[in-house]
Structure formats: C-alpha cells, structure tokens
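The following exercises are to be worked through with the sequence and the model at hand. Each task is followed by a solution in steps.

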Amino acid sequence: MPSFRRVTAAAVLALLLVVPAVVFAAPPEPGGSYRDKKPNITLKVSANGKKVASASIFTKCNLPPLSIYPRAIKEGGRFSYSGPPKDVLGKRGDGTLTVVGRFTSRTVAKGTLRYQDGPCDTGKLKFRATLQ
C-alpha cells in the first residue's frame, strides 16, 4: 500500500503540471480577428467569444482561400479542426485541412495548420496570429 507521503507528492506533482496549462491560456477577444501573414491565416472569433467562427487560409496548395467550419473554443483556449475545408463561397472543398491552436493570451493565438490535397501537401506550418 502506498504511503501517505507518496500519494500526497503525486497529487502535488499532478497539480503543478495542470496549473501552468490553465494559467497561460486566456479567452480570446469576442468578435476579434487574429492574423498571421506567414502562413497567411486569419481567425475570426464569434461575438460571444465561444467559437472560432471562421478562418481564411491561403497556402501553396489552394488558390481561393480555405476556411473551416465553426469550432468551439474549449477549456484552456484550445480549438481544432480536421476535415474538408470550405471555400470562400461556403462550398465544401477537396483535401484535408487540419488546424490546431490555442489562445495563449487575449491578443495571441498560436498553433499549426496543414493542408493536403492530392499530391500537394503544405506540411505542418506554425502560426502566431495576433489581434488586429
């Protein structure tokens, strides 16, 4: 049977690992627009600040900009999407778009994106989008 000290030490260590993830995240600016020029991505937050309402993404693999379907912003400011993109007209596109990110402060969102369509693959691209 584990000793009381070991159980307590394990609980404290677990707490120390969880707290920084929560401390370094922040809710985004409701209605805000976040942009990074390389890679070219713009994220728009819903008016209530609970969703990434849209994204505009230009890569070497697409001529019209790609977008994602609205995604909830989860605990810790995290959001993600993986699936077919939609184009600027709202039509379902080809290929697979993956966007994973987190609002690290009220003014910054960091993450990665990747678009694969047939032989074209952007690879994993890092972004740091700032509030405009």
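## Exercise 1. Salt bridges

The structure holds two salt bridges. The model is a predicted one.

Task: Identify the residues that form the two salt bridges, and state where the partners lie and how accessible they are.

Solution.

Step 1. One of the bridges is formed by the side chains of Arg106 and Glu29, with an N to O distance of 3.2 Å. Arg106 is located in the loop between S8 and S9, while Glu29 belongs to the loop between helix H1 (4-23) and S1, so this pair ties together parts that are 77 residues apart in sequence.

Step 2. For accessibility, the range between 20% and 50% is called partly exposed. Arg106, at 38% relative accessible area, is therefore partly exposed. Glu29, at 30%, is likewise partly exposed.

Step 3. In the other bridge, the side chains of Arg114 and Asp121 meet at 2.5 Å, N to O. Arg114 has 32% relative accessibility and counts as partly exposed; Asp121 is partly exposed at 28%.

Step 4. As a general point, side chains of opposite charge can pair when their charged atoms come close.

## Exercise 2. The disulfide

Task: Locate the one disulfide of the structure and describe its geometry and surroundings.

Solution.

Step 1. The disulfide joins Cys61 to Cys120, with an S to S distance of 1.9 Å. A pair of cysteine sulfur atoms within 2.5 Å qualifies as a disulfide, so this pair meets the cut-off.

Step 2. The angle about the S-S bond is -80°, and the link of Cys61 and Cys120 is left-handed.

Step 3. Distant parts of the chain are linked here: Cys61 sits in the loop between strand S3 (51-58) and strand S4 (66-67), whereas Cys120 is in strand S10 (residues 120-121), 59 residues apart.

Step 4. Is each cysteine buried or partly exposed? Cys61 has a relative accessible area of 15% and is buried. Cys120, at 23% relative accessibility, counts as partly exposed.

## Exercise 3. The surroundings of Thr122

Task: Establish where Thr122 lies and which residues Thr122 touches beyond four places in sequence.

Solution.

Step 1. Thr122 is found in the loop between S10 and strand S11 (125-131).

Step 2. The relative accessibility of Thr122 is 13%, so Thr122 counts as buried.

Step 3. Not counting residues up to four places away in sequence, Thr122 touches Thr59, Lys60, Cys61, Leu113, Arg114 and Tyr115. Among these residues are Cys61 and Arg114; Cys61 is a partner in the disulfide, and Arg114 takes part in a salt bridge with Asp121.

Step 4. The side chain of Thr122 also reaches the backbone nitrogen of Tyr115, at 3.0 Å.

## Exercise 4. Strand pairing and the hairpin

Task: Determine how S8 pairs with S6 and with S9, and examine the connection between S8 and S9.

Solution.

Step 1. Strand S6 (residues 78-83) pairs with S8 in the antiparallel sense over six bridges. Within S8, Val99 is the residue opposite Tyr81.

Step 2. The pairing of S8 and S9 is also antiparallel and extends over nine bridges. Here Arg102 stands opposite Lys110 in S9.

Step 3. S8 is joined to S9 by a hairpin through two residues. Thr107 has its place in this loop, between strand S8 (96-105) and strand S9 (108-117), and so does Arg106.

Step 4. With 39% relative accessibility, Thr107 counts as partly exposed. Leaving aside neighbours within four places in sequence, Thr107 is in contact with Tyr34, Ala129, Thr130 and Leu131. Thr107 and Thr130 are 23 residues apart in sequence, with their C-alpha atoms 5.6 Å apart in space.

## Exercise 5. The chain as a whole

Task: Summarise the protein chain by its elements, burial and contacts, and find the cis peptide bond from Lys38.

Solution.

Step 1. The protein chain has one helix and 11 strands. From the N terminus on, the order is α-β-β-β-β-β-β-β-β-β-β-β.

Step 2. Of the 132 residues, 32% are buried. The chain exposes about 8,300 Å², of which carbon and sulfur atoms supply 60%.

Step 3. Among contacts with a separation of 6 or more, 36% come from residues 24 or more positions apart.

Step 4. The cis peptide bond runs from Lys38 to Pro39, with omega near 0°. Pro39 lies in the loop between strand S1 (33-37) and strand S2 (40-45).

Notes: Residues numbered from 1 in each chain as written. Predicted model: local features only at pLDDT ≥ 70, side-chain atom pairs only at ≥ 80, totals over all residues. Heavy atoms only, no water. Buried < 20%, exposed > 50% of the residue type's maximum accessible area, 1.4 Å probe, protein only. Polar contact = N/O pair within 3.5 Å; in protein donor to acceptor, adjacent residues only side chain to side chain. Contact = heavy atoms within 4.5 Å. Areas by Shrake-Rupley, 256 points an atom, 1.4 Å probe, with all protein chains shown as cover. Pairing = 2+ DSSP bridges. Salt bridge = Lys/Arg side-chain N within 4 Å of Asp/Glu carboxyl O.
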